[in-house]
Amino acid sequence: MRGSIALRAATAAGVALASCVTATTYFASAGTAGPCGDVRQRPWCDTSLASNQRAALLLDALTEAEKLKLLAGVASTHTGQTPAIPRVGLRSVYLTDDSKGVKQGLATALPIPMAVAASFDRREAALAGAVIGNEAKHKGNDVLLGPTVNIMRTPLGGRTFEAYGEDPYLVSHTAVPWIDALQRQGVIAEVKHYCCNNQEGPPYSAEKMWSSSNLDERTMREIYLPGFEAAVKRAHVGSVMCAYNRVNDDWACEHRHLLTDILRHQWGFKGMVVSDWQAQHNTVSAMRNGLDIEMPTPVDYSPDRVQAALDAGLITQAEIDGHVRNFLRTLFAFGFFDRPAFANDDHIDWAKHASIAMKMEERGIVLLKNDGVLPLNTTSVHSIALIGPQAARYENGSGTDDVKAKQHDTPLAEIRKRAGAHVKVLYDDGSDQAHARATARRADVAIVFASDSEGEDREKLAPTVDGSAPTSTHRADQTGLINAVSAANKHTVVVLETGDPVVTPWRRDVAGMLEAWYPGESGGAALAHVLFGDVDPGGRLPATFPASESQYPTSDDPTAGNGAEVDYKEGVFVGYRWYDENHIKPAYPFGYGLSYTSFRYSHLRIHGRTVRATVTNTGHRTGVAVPQLYVHLPAPSAAVPQPPRQLKGYRSVTLAPGRSARVTFRLGPRAFSYWDTAAGRWRIAPGCYRIYVGPSSRALPLRGAIGERGARCPVS
């Protein structure tokens, strides 16, 4: 099913899928013979053999010097590159970076991953993976450094927007179709950053380079590892990138429990483990505990250091061979030897990809508030004031997200185009609040744009639009600008272009609010379509928006974002679990998002572990409904507290007025499982598991129960 979803989505996007490999043929025969060579001289070119057999044959043909050479990358004009060994037909492997697009030359800038997650739609995730994989391939790359599946622990995290939010179920079910679609292009995905990489450090620091994420085994298994586990077990990802940080004081790239016990032995990972760029620290511990390849160039895995460790008896030849074998086996599994090198030709359907980017943003925009001002009606609205510099530019993140868009639009240009000749669209950059107030008074509707600033190696200073890392002065007093404009015009709408949740102290004073994220290159057109009601805002929040700075789980933790020892004291109570457990009312809960129509939830039916419910469009417009299923697990003991609710299913359906959809959630054993640390395994406790279905984590009108391990439960 996952593969078919990815295939249908990619085909619908007009993206040609490579035939050389699919996720479902992982570690099987690579297919027909290609440019590898004559099997009589190079027996590893025999495509009738399995990948591990071919890797063993090639490994035997390598000299000791060649094996040592393959343990690290080489200098490159790409993000990364492995050495070539022409003698055996091994060319270089090229790697490129990713967030919302390929970070190499000009590329299609999709909406950020948080916006993809906000669609609550696996098909949108597959589209993102297909587009990025297609462009990575046509830029000559074999490996794509993504997706990022780190959980949002704090809204201050500098790279939060590169991942999929605060919930492990949503993260997993977004990552899997993304990886499936990308790897269908013949490009190997490298899921990152393994693991517990949840902060960057103060502005312009590298605190992540030395901090230790300290957490218990249950929290790690239930919250921070599921995205990686799903990538390995369900998407068959080819590569895993280990993180900079320490985990319980051991470096992630030298962490035996993570890299060997869990990844290799328990999950059965057969691919390659690659370091984040110079994230390893010790030759011996990295070699013995599970790191295959050092990137980007040899330091700790330099031939001299590895040879010295071998000569001293600190590592073994078998360990060296094992790491090289993992690398080669991955290449054989993905058909690397059996196809020509991907050409850096930029033969990309830019127009089609721009259209996909626009539609993805439409599905990711979240309507947070609407007091009747939206959608804009050109028969009654004759003038619109756009205020803030973001209205006239392409808003982007920084660091890994700094994708150079092949083309881009602006909200100002696209709103003017959509409004037509009979609606006057004014623009004010907001640098003078008095002037902005005057501009707002002259318009029927005022739209204020506000954004944050975050990125790699720097956290936000506070979860507000004014608390961004100091990169530009225009963000100095956006709160003041919103207050000034809303006081001047009661029909004020705020458009947030942020990477993650922000505090919105002015939310009661504005008539409407949208979260557009960093919207990608076609964000202006998508925003215009949503504002004027050409499409329904399809997004729902993949992360909770706090009502104040004091609400988020790490608000009283001085080490969060700035500490060498970071204790995950909240345990499994991350994101909405924290708010629910502590009876805190956020500004906007996880899963929340408004539509231009209304929906009714009814007819909950539970049969075994299958849950069905009906969603009906009770309004007068076509709209997007996102029914969500949550489960409350009974606590097996006081030592294993359970969150009030956990997301275990979701769907995204588009319904015409008066139409209904019957949605089905089939729950597997993991939906009812907790990690039993003492037993070292997943376990289902006996008892009644409460079932909740509704439009968000805080609006769950349908309720039932499922009994496990012999428990008898009331019907409702």
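Trainee: At about what angle does helix α17 run to β17?
Mentor: This is a predicted model in which local features need pLDDT of at least 70, side-chain atom pairs count only at pLDDT 80 or more, and totals for chains, interfaces and linings use all residues. Residues are numbered from 1 along each chain as its sequence is written, and side-chain values use heavy atoms, without hydrogens and water. Helices (H or I, at least four residues) and strands (E, at least two) are DSSP runs, numbered from the N terminus. Helix α17 (residues 523-531) lies across β15, β16 (492-497) and β17 (512-515), and its angle to β17 (0 to 180 degrees, between N-to-C directions of axes fitted to C-alpha atoms, for helices over the stretch in contact) is about 145 degrees.

Trainee: Which strands stand at the edges of the sheet that contains β15, β16 and β17?
Mentor: This open sheet has six strands in the order β11-β17-β16-β15-β12-β14, with mixed pairing (at least two DSSP bridges between two strands). Its twist averages 15 degrees from one strand to the next. A single partner strand is available to each edge strand, so one side of each has no neighbour in the sheet; these strands are β11 (366-370) and β14 (424-428).

Trainee: Which residue in β15 stands opposite Ala385?
Mentor: Strands β12 (residues 383-387) and β15 (residues 445-451) run parallel and are joined by four bridges. Opposite Ala385, the residue in β15 is Ala446.

Trainee: How far apart are the axes of α15 and α16?
Mentor: Helix α15 (residues 433-441) contributes Gln433, Ala436, Arg437, Ala440 and Arg441 to the contact (heavy atoms within 4.5 Å), and these meet Gly480, Leu481, Ala484, Val485 and Ala488 in α16. The packing angle between α15 and α16 (residues 478-488) is about 35 degrees, and their axes are separated by 8 Å.

Trainee: What is the bridge partner of Gln628 in β23?
Mentor: A second open sheet, of four strands, follows the order β23-β22-β28-β29 with antiparallel pairing. Its edge strands, β23 (646-650) and β29 (702-708), each pair on one side only, and neighbouring strands are turned by 30 degrees against each other on average, direction ignored. Strand β22 (residues 628-632) pairs with β23 over four bridges. Within β23, Gln628 has as its bridge partner Tyr650.

Trainee: How far from the ring centre of Trp675 does Arg221 lie?
Mentor: A charge sits over a ring if NZ of Lys or CZ of Arg is within 6 Å of the ring centre and within 35 degrees of the ring normal. The charged end of Arg339 is placed in this way over Phe342, 3.5 Å from the ring centre. Arg221 lies over the face of Trp675, where the distance to the ring centre is 4.0 Å.
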